[in-house]
Amino acid sequence: MAELESDKKFLFRSTLYNVLSTILKVAGPALAILTARIFGKEEFGVFVSTQLWVLTLSRISVLGLDKGLNWFLPQNTVYGRPQHLGYSESINRSVIIAAGITLIFVLLKPEFSLYALSIIPWVFLHIFGGTAEGMRKPQYKMFITDCIVAAISPLIAIALHFMNVPHALPIGLLCANILGCIIYLPLMRKILPKAKFTKNSIPKELLLYSIPRGISEVIASVLLRIDLWMVLFLLGAAEAGVYAVMLTISNGLRTIRQSYNPILLPVVAGMSKERLGTDLKPVFSYCVNMVTLIQLAIGFFIVLFPDKILMIAGKDFIVQPETLGILMFSHLLGGFFQLTATVLNGIGKSLYTLKMDIVSLCTAFIASYFLIPIFGLPGAALSTLAYILLQSVWNNVYIYKLNLQLYSKKIIPYALWSIFLLAVYVFLPSFSLELWQKIAFYAAVLSGLAITQALNPREYQSP
């Protein structure tokens, strides 16, 4: 019980950080949308696509060691190993690989050299973030990587643009990544004071766990972006710019769920077989509860005011707005069911998640290839929904075979709220509501969600 209470306190504290960082993250999408308006659809579409490609290359460089450290560092104390074991070794190997990829990129694609220079600082951000999460300091990554770096990049780019500096977008990205690394450095020294640069090999246990996670992360990075790349390939840069804005908005929901992955994983990794049978269910259900609660608050806002949100980018970006609704419901579904992948990684099933991601990538590619030419941007969103449905079913079937209990009946109220959100999305266009009526309805929804949370059984209350 003491261990469960400790885990609950950590989850509750991390949830508070999560909510705060989510509020701050609102500035990121807003600035990204403003950036799209300033630089135009074509230039913004190329930037987003190239930026995501460079991010994928940084993931390849890291080899999954950032995710591995999230799992490995908590076990150093348990097994009496040096607390910092694996940290410096991971940085050394990752930077060497990143430097090689950057050099190749610069030599073969000199026109994208400024983008390539962001790979090395991005590698440091990955390792620093994974280390902070493994040491139960997820707020470092939440506020530095997810908030500060994400917000500073478009701000620098916009400032450079008005100063008539060429290549403002990639320079803004590079400067933001470097600034993030500088902020991280004293914090890393604080949580791992004995860590020093070393040429030692990466611990075998860490490497064996991380490589499947690394490949899986690369595949997952491609998976999360393949719809945008397929839109760029099949429909052109202008449509990719429009779709990128919709992704930026809907990713607010996906980010909520993703932000709980590094919070839940070290908790599950620290559970014995006996605790998996007794403590996993309340811990997992608590996370699903909080993820869905936050997602619903954001989801109702998107459903009620989609045109107002897209207007931030300009009238040219109000194209097939139903795309935004499909993306939103895809990520809401993921909030309920995709945390199961985190549980599986927490119990060491990194090879399983790799297989799942490979099949999911194939599914997303095939769906995008056939649906985008037929339906346009909604087809890209439907391809996202297709692979999320696949993962949700696959993971839960596997969890059932492992005889693990995850879902409590007490999450049913949030499932009902999700159904209500779907109904609002479907039937709202039939009603001509004034702006003040939508605002009043949204206020009523927030009040209802707050009451639902307040009436939650004790299992879900803060420790």
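Start by colouring this predicted model by pLDDT. Select residues 119–134: that's helix 7, where confidence is highest, with a mean of 94. Now jump to residues 306–311, helix 14, where confidence is lowest among the helices, at a mean of 68. Then pick residues 459–463, where the pLDDT is below 50. Don't hide that stretch just yet, though: in the model it has 19 contacts beyond near neighbours in sequence. Across the whole chain the average pLDDT is 84, and 93% of the residues score at least 70.

Next, zoom out and switch to cartoon. You'll be looking at 20 helices and zero strands. Turn the C-alpha trace along its principal axes and you get spans of about 65 × 60 × 40 Å. How does the radius of gyration of the chain compare with that of a compact globule? For 463 residues a compact globule would come out near 23 Å, and the chain has 22 Å, so the two agree.

Leave everything selected and think about contacts. Take the pairs at least 6 apart in sequence: 85% of those contacts join residues at least 24 apart.

Now put a surface on. The accessible area of the chain is about 19900 Å², and carbon and sulfur atoms account for 70% of that. Underneath, 56% of the 463 residues count as buried. If you'd like to look at charge while you're here, there are 36 positive and 22 negative charges, and their mean positions lie 8 Å apart.

Time for some side chains. Select residues 65–78, which is helix 4, and find F72 within it. Is F72 buried or exposed? Its relative accessible area is 1%, well under the 20% cut-off, so F72 is buried. Show what surrounds F72: setting aside residues up to four places away in sequence, it touches R81, L85, P203, E205 and L206. While F72 is still picked, draw a distance to F197, which is 125 residues away along the chain; the two C-alpha atoms are separated by 19 Å.

Last stop: residues 377–401, helix 18, with T384 inside. Which residues does T384 contact, leaving aside its neighbours within four places in sequence? Select D227, Y243, L327, S330 and H331 and you have them. T384 has a relative accessible area of 5%, so T384 counts as buried too. Show T384 and those five partners as sticks, and you can go round the set one contact at a time.

Definitions and conventions
Residues are numbered from 1 along each chain as its sequence is written. This is a predicted model: local features need pLDDT of at least 70, side-chain atom pairs count only at pLDDT 80 or more; totals for chains, interfaces and linings use all residues. Side-chain values use heavy atoms; hydrogens and water are left out. Helices (H or I, at least four residues) and strands (E, at least two) are DSSP runs, numbered from the N terminus. The radius of gyration is taken over C-alpha atoms; the globule rule is 2.2 Å times the number of residues to the power 0.38. Buried means under 20% relative accessible area, exposed over 50%, partly exposed in between (1.4 Å probe, protein chains only). Contact means heavy atoms within 4.5 Å. Accessible areas come from the Shrake-Rupley method with a 1.4 Å probe; for residues, only the protein chains shown count as cover. Lys and Arg count as positive and Asp and Glu as negative; His and the chain ends are not counted. The place of a charge is taken as NZ of Lys, CZ of Arg, CG of Asp or CD of Glu. pLDDT is the predictor's confidence in each residue, from 0 to 100.
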